[in-house]
Amino acid sequence: MKAAVYYETGPPDVFRSEEVPDPACPADGVVVDVEAVSIEGGDVGHRARGELAARPHIVGYQCAGVIREVGPGVGDRETGQRVVAIMLHGSHAERAAVPAAATWIVPDGLDLRRAACVPIPFGTADDCLFEFGHLQAGETVLVHAGAGGVGLAAIQLAKRAGATVLATASSDAKLAKLETFGLDHGINTRSVDFAAAAREITGGRGVDLVIDSVGGRTLAGSIEALAYRGRIAFVGSAARDDYRPDWTALRPGNKTVTGIFLGAEFAIHHERVHAMIQRHLEEVARGTLAVVIDREYPLAEAAAAHARVESREAFGRVLLIP
Ligand SMILES: NC(=O)c1ccc[n+]([C@@H]2O[C@H](COP(=O)([O-])OP(=O)(O)OC[C@H]3O[C@@H](n4cnc5c(N)ncnc54)[C@H](OP(=O)(O)O)[C@@H]3O)[C@@H](O)[C@H]2O)c1
């Protein structure tokens, strides 16, 4: 099969389009003919500076396609079914092998391209807001990188939960588009200090919850942006900024930071997370939640697709189509 691989991490041009062996079907898994790959924030971060599972490495956490093979230990999947799957690596290829438990049947009416964008961003946003963030109606939430995958999901879920939604983005154009997804107050990180802006928007009080997928200096600013007893759901390091905030800044305001990793929750509380993501897929199929596709590239153009994500011009997901 064809795959987008790399031998070393680095900028997007580390990608090579190569012929590699087809993945073997695990006894408890399936092999999927991949029709759409959603480039996750984690894929870009791995390509830049992750650890290689093998050389060459096939990156990628999430894709959708059609089952071509089913392992002997699997009773609830059949060849020909349309599924979306998550994995530790391997989405940037024509075929992917995954445990059946890490797949979801794609509901009728939902195309594979949009399905490919759902599990990780919506599952992560939901857990950040509710399971760990304890968001309540009437509270104020600040979503960093609102035009990214996790951000777009978090804005929609927070708004309909009755929160006032603030979000950051690096352009006014992105912030304007976010209004149709539930954004109440946009903050352009290229023109203002977001923590000061969040305090001003909330009349000096600060926000109750921050969804921080950016990390580093942004995480330090998130602490400043919090209200008394405010919470931070710290979920990602999109900025690749290794700056460590001063944690003593949490103490005077009884503020908390929770580190969040969807993969651990999926492994340990599998039924809860699998069912939650199934509900998100059904809602996207019905149109009560939306995914946004920015651009599509052929698999052989993985370098250009990753460069598009890193340009910070994208609004929503960039896809690879094998
Ligand atoms: N822990 C978990 O379970 C989990 C799950 C999902 C994702 N994540 C992590 O969460 C982060 C976001 O994921 P995602 O899928 O939402 O990513 P994404 O769709 O690629 O969005 C990332 C956004 O980060 C913003 N950003 C801020 N500072 C940046 C910088 N210095 N360089 C590049 N981008 C910057 C950009 O928006 P602006 O240009 O508008 O600022 C960009 O759109 C990633 O680090 C990912 O690994 C973690």
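Student: Which residues lie nearest the centre of the second largest pocket?

Tutor: Keep in mind that we're looking at a predicted model. The lining of this pocket counts 14 residues, and the space inside comes to about 250 Å³. The ones nearest its centre are M1, P23, I58, H89 and G90.

Student: And which strand gives the largest share of the lining of that second largest pocket?

Tutor: Sort the lining by type and you get 11 nonpolar, 2 polar and 1 charged. Now sort it by element: 5 residues, the largest share, come from one strand covering residues 95-99. That strand is β7.

Student: OK, on to the ligand. Which residues are the closest to it?

Tutor: The ligand has a shell of 24 residues around it. By type, the shell holds 12 nonpolar, 9 polar and 3 charged residues. The closest to the ligand are G149, S170, L262, R312 and R317.

Student: Which helices each supply at least two residues of that shell?

Tutor: Start with the domains: domain 1 (2-117 + 292-321) and domain 2 (120-263) each give the shell at least three residues. Then go through the helices by their residue ranges, which are 41-49, 119-131 and 149-160. Those helices are α1, α3 and α4.

Student: How far is the backbone N or O atom of L262 from an oxygen atom of the ligand?

Tutor: For a polar contact we want a pair of N or O atoms within 3.5 Å. A backbone N or O atom of S237 sits 3.3 Å from a ligand oxygen, and a polar backbone atom of A238 is 3.3 Å from one too. For L262, the distance is 2.7 Å.

Student: How much of the ligand's exposed area does the protein bury?

Tutor: First picture the ligand taken alone, when it exposes 920 Å². Then put the protein back around it and ask what part of that area gets covered. The buried part is 82%.

Student: What is the volume of the largest cavity?

Tutor: Rolling a probe the size of a water molecule over the atoms shows where empty space is left. In this structure, 1 cavity reaches 30 Å³ or more. The largest cavity has a volume of about 80 Å³.

Student: Which helix makes the largest share of the lining of the largest cavity?

Tutor: There are 13 lining residues, and G149, L152, V291, V292 and R317 are the closest to the centre. By type, the lining splits into 8 nonpolar, 4 polar and 1 charged. Both α3 and α4 supply at least two residues, but the largest share, 4 residues, belongs to α4.

How values were computed. Residues are numbered from 1 along each chain as its sequence is written. This is a predicted model: local features need pLDDT of at least 70, side-chain atom pairs count only at pLDDT 80 or more; totals for chains, interfaces and linings use all residues. Side-chain values use heavy atoms; hydrogens and water are left out. A residue is near a molecule or strand if one of its heavy atoms lies within 4 Å of it. A polar contact is a pair of N or O atoms within 3.5 Å; within protein, one must be able to donate a hydrogen and the other to accept it, and residues adjacent in sequence count only if both atoms are side-chain atoms. Accessible areas come from the Shrake-Rupley method with a 1.4 Å probe; for residues, only the protein chains shown count as cover. Ala, Val, Leu, Ile, Met, Phe, Trp, Tyr, Cys and Pro count as nonpolar, Asp, Glu, Lys and Arg as charged, and the others, Gly among them, as polar. Domain bounds come from an automatic or database domain assignment. On a 1 Å grid over the protein atoms alone, a cavity is a set of points where a 1.4 Å probe fits but cannot get out, and a pocket is an open set with protein on both sides within 12 Å along at least five of seven lines; lining residues have an atom within 4 Å of a point. Grid points are joined across faces, edges and corners, and a volume is the space filled by probe spheres set on the points.
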